[in-house]
Amino acid sequence: MGKFLKRHVETVFIMLGNSCNMNCVYCLQHPLVHQPLSSKVNPEIYDFLAELAEANGERGIHLQFYGGEPLLYYSVIKEIVSETKRRYIMCNYSTISNGRALTDEMVDFFNANDFPVTISWDGYHTKETRLFDVFSHPKLKERILRLKWLGLSGVISSRAYPMELLTAFQNISDEYEKIHGYKVRINLDAIFDTGITEKSLLDVDYDRVAREMHEMATLYLKASLSGVQEARDYTKLVYIERFFQQLRDFYITKNGAWNRYTAPCGNGFTVLNLDVEGNLYPCHNTSERVGTIHTPFFSYMEEVLKGDPTMRHREKCLECPAVSCCKGGCKLVTDKAREETYCKLKKALAVPVIQAFEEYGRRMGGERDGT
């Protein structure tokens, strides 16, 4: 029997601390983090991680280093990587960063350890949303492009719409491919209100979002039908492919049934959020503890469930077509924010893609019928 909280998980967010070298105007942590995290490593966390990895056999566990800004805690990252390797704990690593503190030493370290690094970047409007654009600084850009496994992650808001974000990502990916021979990973998140002060970022033109999503979904379907995918459309096609996968999983694999009673991110359940002192959190964007690595399982789960309103939202979510992609949404969003902005943006992103696939299905059905 292990001596720690028993959970079957494959991902652990290592919460290094909440200090940051930037002040993004939409940062969802600002309203949620109320106390500092310790950056002194408790050696017991290695025993805990070893138990989690052993339970997963050859798959091991994935450690996602998180902040604040993770690169401000680079020495801690190195310490944890070194110790997990020394103990032969089966794990792999990644991090998401604003990139501002990136050094040549860090690039070499991440590359040597096959470390995927995702840079948070909002395309050509980054100075409006993040107040500093790493890609406008030649040395930082050079270091970022030298990363072996680069990803880009942007936030859709009133300052950054899907098409322009993906166009900016495409340009970076094209430069990256010339160096490495392969493309960057891409991700887009939708802005949501956890109490952010810059409310104008929430004034999204939902019709514009819907038009862009429908256009990209149509592009994706044409590329799939013809078997020809233009290199210049890579980021758009990859982005829509994820919606397609979600729809296929929902309607084909799960027969249109949504059975979740907890948040789709899995935070606190299938995903653990662990600070280096050994405390556990319901989400890596909060500072409210729900236990430690020693907390009994049922006591821990009781605390996690207290902060998850997914079950309370189920009836309304089941009536929404976007549930096939949204799956109930983020547990950090208040009922007021869901009503005012969150659900509207989720629908603007998902529903046009669903409609494009339905139109495609009807057209294909008509062609088979000869109409």
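**Exercise 1. Place asparagine 56 by its contacts and surroundings.**

Step 1. Leaving aside neighbours within four places in sequence, asparagine 56 is in contact with His8, Val9, Glu10 and Ile61, where contact means heavy atoms within 4.5 Å. This is a predicted model, in which local features need pLDDT of at least 70, side-chain atom pairs count only at pLDDT 80 or more, and totals for chains, interfaces and linings use all residues. Residues are numbered from 1 along each chain as its sequence is written, and side-chain values use heavy atoms, with hydrogens and water left out.

Step 2. Asparagine 56 sits in the loop between helix H1 (44–55) and strand S2 (61–66). Helices (H or I, at least four residues) and strands (E, at least two) are DSSP runs, numbered from the N terminus.

Step 3. Is asparagine 56 buried or exposed? Its relative accessibility is 4%, so asparagine 56 counts as buried; buried means under 20% relative accessible area (1.4 Å probe, protein chains only).

Step 4. The asparagine 56 side chain reaches the backbone oxygen of valine 9 at 2.5 Å.

**Exercise 2. Work out the strand order of the sheet and find its edges.**

Step 1. The open sheet has nine strands with mixed pairing, in the order S6-S5-S4-S3-S2-S1-S7-S8-S9. Two strands pair if DSSP finds at least two bridges between them.

Step 2. Which strands stand at the edges? They are S6 (185–190) and S9 (291–292); each has a single partner strand, so one side of each is left without a neighbour in the sheet.

Step 3. Within the sheet, S3 (residues 91–97) and S4 (residues 117–120) pair in the parallel sense over three bridges. Serine 97 stands opposite isoleucine 119 in S4.

Terms used:
Buried means under 20% relative accessible area, exposed over 50%, partly exposed in between (1.4 Å probe, protein chains only). A polar contact is a pair of N or O atoms within 3.5 Å; within protein, one must be able to donate a hydrogen and the other to accept it, and residues adjacent in sequence count only if both atoms are side-chain atoms.
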